[in-house]
Amino acid sequence: MATPLVPHLVRGAKLDASGSTQHAISNPATGAALGNVPLDALDAAEAAVAAAAAAFPSWSETPVGERVQCLFRYKAILEARADEVARVLVAEHGKTLGEARGSVRRGIDCVEHACAAPVLMMGRTLPQIAVSSSFCRTAAEGGVGIDSCVDRLPLGVCVGITPFNFPVMVPLWMWPMAVACGNTFVLKPSEKDPLSAVLMTELAFEAGLPSGVLNLVNGGTPMVEFLLKDPRVMAVSFVGSTRVGEIVYRTASAHGKRVQAMCGAKNHSIVMPDAVREAAIDGIFGSAFGNAGQRCLAGSVVVCVGDSAGWLVPGLVARAKSLQVGPGDAAGCGMGPMQDADGLTRVHAAIEAGVRDGATLLLDGRAGALPERGCFVGPTIFDHVPPGSTLATTEIFGPVLSIMRAPDLDAAVALVNQSEYGNMAVLFTDSGHAARRFERTVQAGMLGINVGVPAPMAAFPFAGWKKSFFGDLHTNGEDGVRFFTKSRVTVRRWI
Ligand code: NAD
């Protein structure tokens, strides 16, 4: 049987448009073919932007309380069908079923947050901000009062470009808040695993989102370039690598669009000798190997302060040795495969670089019990990783943990701050003094204190600093509302 073409979703319906090149996707655990993704079907992009532009006038005039009713219905549908979505994620991405369910849950949190748009996008007003004496009756009558207010208004057509690692959750950072605020949306998911995004968009149609409000187009670089340059597009929300994010930020800005680009990372966890041992081992283990390390919040470097390495390193190695690697839906599976063969090659290359650079390979994920087929690699741990080496500086995006040493907290923070990235940083300690010093000196946009993966909940903004982010307003939280609205001030005088 021929492998199916993954459809675009435009004006509330499937649109088959193939373009001239396609990308074949498969289940990374089994190799089973899942579909062909069109890469350059620009006629679909044109149709999607036209549909979103046509839907904007009426959708933006629909009262916000009515707009969010679609999101309330969407949330109810997702609650009922979360497991079905999670299983598509397992098949196309390789996550364990638990990880897939967790990421759907975090996505639903974003929908819930967007349901609060009637409150979140409210403006502010200040009556009697001044008194005008022109055209005045008498001064004794008090002049003519002037009132002022600021409103938040939708932008128009917004675009979302998303990465492969959270194909359900990351689009939900974007479009629910965008459409709740009165915008219309074109989503371009990763060409590596778009099936869950297609299902999620179909479920939004089922929830009653009117035709053209949300559209999905599949594609690669040519599709993104089309969307970044289209004059009808007002804003671009991007999540992906720093290399691509920088291109997206520059191109979209040069074409007059508002842009936020949440990008790559190299995250550090510092462990103080006084940390609660089991909590530190557990937190670092989950952060490094959860989602097989394919996470922008993966804590891929540990800096051991003082003698903490004495208990932390053996604890981590023992935990990693007991991790069961296999298909994400297999009973007892603790870690699934890399999402594709490129990911596997990238991890193998990082391990080779670590050996070459003189780091001590404590646990080699290429060895040991791995399934025969599929993009599998086991958890890998290097100790004594030299500062400045590939392992210490490059985002590997796989289950490779690098351990470094520092004599004290300030030296550890200095190591962290050398990174060109600044997505997140974590400290494990029992000392409030150390925690406060860490918070005051470390350079990263998201911090964890005794929390291995400090992913902000939807009501808080999510993004990093330095090369982990390009733009001004982060995704989610109050920033998300501001990103998807423009402010307008009115000064009123009734004479
Ligand atoms: P990627 O940059 O390769 O792809 C992201 C998106 O950009 C995809 O939709 C892809 O089709 C498109 N794209 C790829 N090359 C392009 C080009 N040359 N021009 C225009 N568009 C292009 O990222 P990925 O490999 O899918 O995802 C992994 C990366 O995403 C990691 O670096 C990870 O840290 C990052 N990420 C960051 C966050 C965050 O919040 N900071 C969250 C999740 C993932």
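Colleague: Which residue does D109 meet in a salt bridge?

Modeller: Happy to start there, and do keep in mind that this is a predicted model. Side chains of opposite charge can pair when their charged atoms come close. D109 lies in helix α3, with its partner 3 residues apart, about one turn of the helix. The N to O distance in this salt bridge is 3.7 Å, and the partner of D109 is R106.

Colleague: Is D109 buried or exposed?

Modeller: The cut-off helps here, because buried means under 20% relative accessible area. Its partner R106 has a relative accessible area of 26%, so R106 is partly exposed. D109 stands at 15% relative accessibility, so D109 counts as buried.

Colleague: How many residues apart are K75 and E79 in helix α2?

Modeller: These two form a salt bridge, with the closest N and O atoms 2.6 Å apart. K75 is partly exposed with a relative accessible area of 21%, and E79 is partly exposed too, at 34%. Within helix α2 they are separated by about one helical turn, because they are 4 residues apart.

Colleague: What is the distance between the closest N and O atoms of R405 and D383?

Modeller: This pair links distant parts of the chain, 22 residues apart. R405 belongs to strand β16 (residues 400-406), while D383 belongs to strand β15 (residues 380-383). R405 is partly exposed, with a relative accessible area of 37%, whereas D383 is buried at 5%. They form a salt bridge whose closest N and O atoms are separated by 2.4 Å.

Colleague: How many salt bridges does the structure hold?

Modeller: We have met several already, including the one between K75 and E79 and the one between R405 and D383. The count for the structure is 20.

Colleague: What separation do the centres of domain 1 and domain 2 have?

Modeller: Let's place the domains in the chain first. Domain 1 takes in 8-120 + 153-263 + 468-488, and domain 2 covers 267-449. Their contact takes 19 residues from domain 1 and 25 residues from domain 2. Taken over C-alpha atoms, the centres are separated by 30 Å.

Colleague: What area is buried between domain 1 and domain 2?

Modeller: The size of an interface is often given as the accessible area lost when the parts come together. Here, carbon and sulfur atoms give 52% of the buried area. On the domain 1 side, P28, A29 and S468 lose the most area to domain 2, together 26% of what that side buries. The area buried between the two domains is about 1800 Å².

Colleague: Which residue forms a salt bridge with K192?

Modeller: The interface of domain 1 and domain 2 has 1 salt bridge across it, along with 11 residue pairs in polar contact. For K192, the closest N and O atoms of the salt bridge are 3.5 Å apart, and the partner is D340.

Colleague: Which helix gives the largest share of the side of domain 1 that touches domain 2?

Modeller: By class, that side has 7 nonpolar, 7 polar and 5 charged residues. Two helices, α2 (64-93) and α3 (97-114), each supply at least two of its residues. The largest share is 3 residues, and it comes from α2.

Colleague: Which residue has its backbone oxygen 3.1 Å from a polar atom of the Q339 side chain?

Modeller: Q339 sits in the loop between α10 (309-321) and α11 (341-356). With a relative accessible area of 4%, Q339 is buried. Leaving out residues up to four places away in sequence, Q339 touches P28, E92, H93, F164, K192, D193 and Q294. The backbone oxygen in question belongs to E92.

Colleague: What is the relative accessible area of S237?

Modeller: S237 is part of strand β10 (residues 233-239). Beyond its neighbours within four places in sequence, S237 is in contact with V159, G160, I161, M174, Q260, M262, F483 and F484. S237 is buried, and its relative accessible area is 0%.

Colleague: What distance separates the C-alpha atoms of R277 and W311?

Modeller: R277 is found in helix α9 (residues 277-289). Its relative accessible area is 48%, so R277 is partly exposed. R277 and W311 are 34 residues apart along the chain, and their C-alpha atoms are separated by 7.6 Å.

Notes: Residues numbered from 1 in each chain as written. Predicted model: local features only at pLDDT ≥ 70, side-chain atom pairs only at ≥ 80, totals over all residues. Heavy atoms only, no water. Buried < 20%, exposed > 50% of the residue type's maximum accessible area, 1.4 Å probe, protein only. Domains from an automatic or database assignment. Contact = heavy atoms within 4.5 Å. Buried area = accessible area lost by both parts, 1.4 Å probe. Salt bridge = Lys/Arg side-chain N within 4 Å of Asp/Glu carboxyl O. Polar contact = N/O pair within 3.5 Å; in protein donor to acceptor, adjacent residues only side chain to side chain. Nonpolar A, V, L, I, M, F, W, Y, C, P; charged D, E, K, R; others polar.
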